[in-house]
Amino acid sequence: MANASTERMTPAEVVRLARRESCDGIAWTTTEPALWWPFVIETSRLARQAGLFVVMVTNGFYEQGALAEILPWLDVWRVDLKAWSDEAYREWLGSGRVEAPAALVRQRTLEAARAGVHVEALTCVIPGLHDRSDDLARL
């Protein structure tokens with residue numbers, strides 16, 4: 001992308017652009033939304049107030065307070081399950097500081113569903129990491 005350009009936009013400008021282009025909603029995807037959290041929260045709030053839907057594609061690895069902050073503004077929580085065991089998360093994904101990382105992701109996903117947010121789960125099956133039938137059954 002030699003000729004790619006970027007432009008800084010405020011949350012309000014993003015929502016105006018989405019409406020001007022007749023978009024039905026905004027999807028936070030490709031880069032984990034938590035990396036630019038204040039912008040995501042404000043834009044999502046404004047989008048919902050403008051009648052747009054909001055989708056978040058996430059790894060699901062959120063503290064309780066952060067989840068509570070975004071849930072009122074979400075229509076869809078699409079979680080990318082990296083593994084289904086705490087051991088795999090710690091060994092392969094470097095989440096050693098969290099006692100039960102897989103359980104945390106499952107818990108946050110259940111909380112989103114209980115809040116009335118549409119939930120979708122996605123995973124990539126990695127041969128040798130979590131491709132056994134008992135691994136898949138736990139999913």
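Which residues touch the most other members of the largest nonpolar core? In this predicted model, the residues are Ile 26, Trp 37, Met 56, Ile 70, Leu 74 and Trp 77, out of 24 in that core.

## The overall picture

Let's start with the fold. The protein chain has six helices and four strands, and along the sequence they come in the pattern α-β-α-β-α-β-α-α-β-α. Of the 139 residues, 37% are buried. The accessible surface adds up to about 8,600 Å², with 54% of that belonging to carbon and sulfur atoms.

What about contacts across the sequence? Taking contacts between residues at least 6 apart in sequence, 61% join residues that are at least 24 apart.

## The core

Back to that nonpolar core of 24 residues. At least two residues each are supplied by α1, β1, α2, β2, α3, β3 (76-81) and α5 (101-114). Helix α2 gives the largest share, at four residues. As a rule, nonpolar side chains in soluble globular proteins tend to be buried together.

Trp 37 is a good residue to click on here. Skipping residues up to four places away in sequence, Trp 37 touches Met 56, Tyr 62, Ala 66, Glu 69 and Ile 70. Two of those names, Met 56 and Ile 70, also sit alongside Trp 37 among the core residues that touch the most other members.

## Thr 43, tucked into helix α2

Is Thr 43 buried or exposed? Thr 43 has a relative accessible area of 0%, so it is buried. This threonine is part of helix α2, which covers residues 37-49.

Setting aside neighbours within four places in sequence, Thr 43 makes contact with Pro 11, Val 14, Val 15, Ile 26 and Trp 28. If you want a distance to check, the C-alpha atoms of Thr 43 and Trp 73 are 9.3 Å apart, with the two positions 30 residues apart in sequence numbering.

## Aromatic pairs

How many aromatic pairs does a search of the whole structure find? There are five. One of them is Trp 36 with Phe 39: the ring centres are 5.4 Å apart and the planes are at 5 degrees, so this pair counts as stacked. Both partners are partly exposed, Trp 36 with a relative accessible area of 36% and Phe 39 with 22%. Trp 37 and Tyr 62 make another pair, with ring centres 5.2 Å apart and planes at 45 degrees, so this one is tilted. That pair links distant parts of the chain, since Trp 37 is in helix α2 and Tyr 62 is in the loop between β2 (53-58) and α3 (64-70), 25 residues away.

Trp 37 and Tyr 62 are both buried. There is also a small network to look at: ring pairs join Trp 28, Trp 36 and Phe 39 into a cluster.

## Salt bridges

Side chains of opposite charge can pair when their charged atoms come close. The count here is five salt bridges. Among them is Glu 42 with Arg 45, whose closest N and O atoms are 2.5 Å apart. Both residues lie in helix α2, three residues apart, or about one turn of the helix. Glu 42 is partly exposed at 29% relative accessibility, and Arg 45 is partly exposed at 24%.

Arg 78 and Glu 120 form another salt bridge, with 4.0 Å between the closest N and O atoms. Arg 78 is in strand β3 and Glu 120 is in strand β4 (residues 118-123), so the pair ties together parts 42 residues apart in sequence. Then there is Arg 108 with Glu 111, meeting at 3.0 Å, N to O. These two are three residues apart in helix α5, so about one helical turn separates them. Arg 108 is buried, at 8% relative accessible area, and Glu 111 is buried too, at 15%.

## Two unusual backbone angles

Most residues other than glycine have a negative phi, and most peptide bonds are trans. Ser 22 is not a glycine, yet its phi is positive, at about 60 degrees. You'll find Ser 22 in the loop between α1 (11-20) and β1 (25-28), and at 62% relative accessibility it counts as exposed.

Thr 30 also isn't a glycine and has a positive phi, about 75 degrees. Thr 30 sits in the loop between β1 and α2, where it is exposed, with a relative accessible area of 80%.

Terms used: Residues are numbered from 1 along each chain as its sequence is written. This is a predicted model: local features need pLDDT of at least 70, side-chain atom pairs count only at pLDDT 80 or more; totals for chains, interfaces and linings use all residues. Side-chain values use heavy atoms; hydrogens and water are left out. Buried means under 20% relative accessible area, exposed over 50%, partly exposed in between (1.4 Å probe, protein chains only). Contact means heavy atoms within 4.5 Å. Accessible areas come from the Shrake-Rupley method with a 1.4 Å probe; for residues, only the protein chains shown count as cover. Rings of Phe, Tyr and Trp (its six-membered ring) pair if their centres lie within 6.5 Å; planes under 30 degrees apart count as stacked, over 60 as edge-to-face and the rest as tilted. A nonpolar core is a set of buried Ala, Val, Leu, Ile, Met, Phe, Trp, Tyr and Cys residues joined through side-chain atoms within 4.5 Å. A salt bridge is a side-chain nitrogen of Lys or Arg within 4 Å of a carboxyl oxygen of Asp or Glu.
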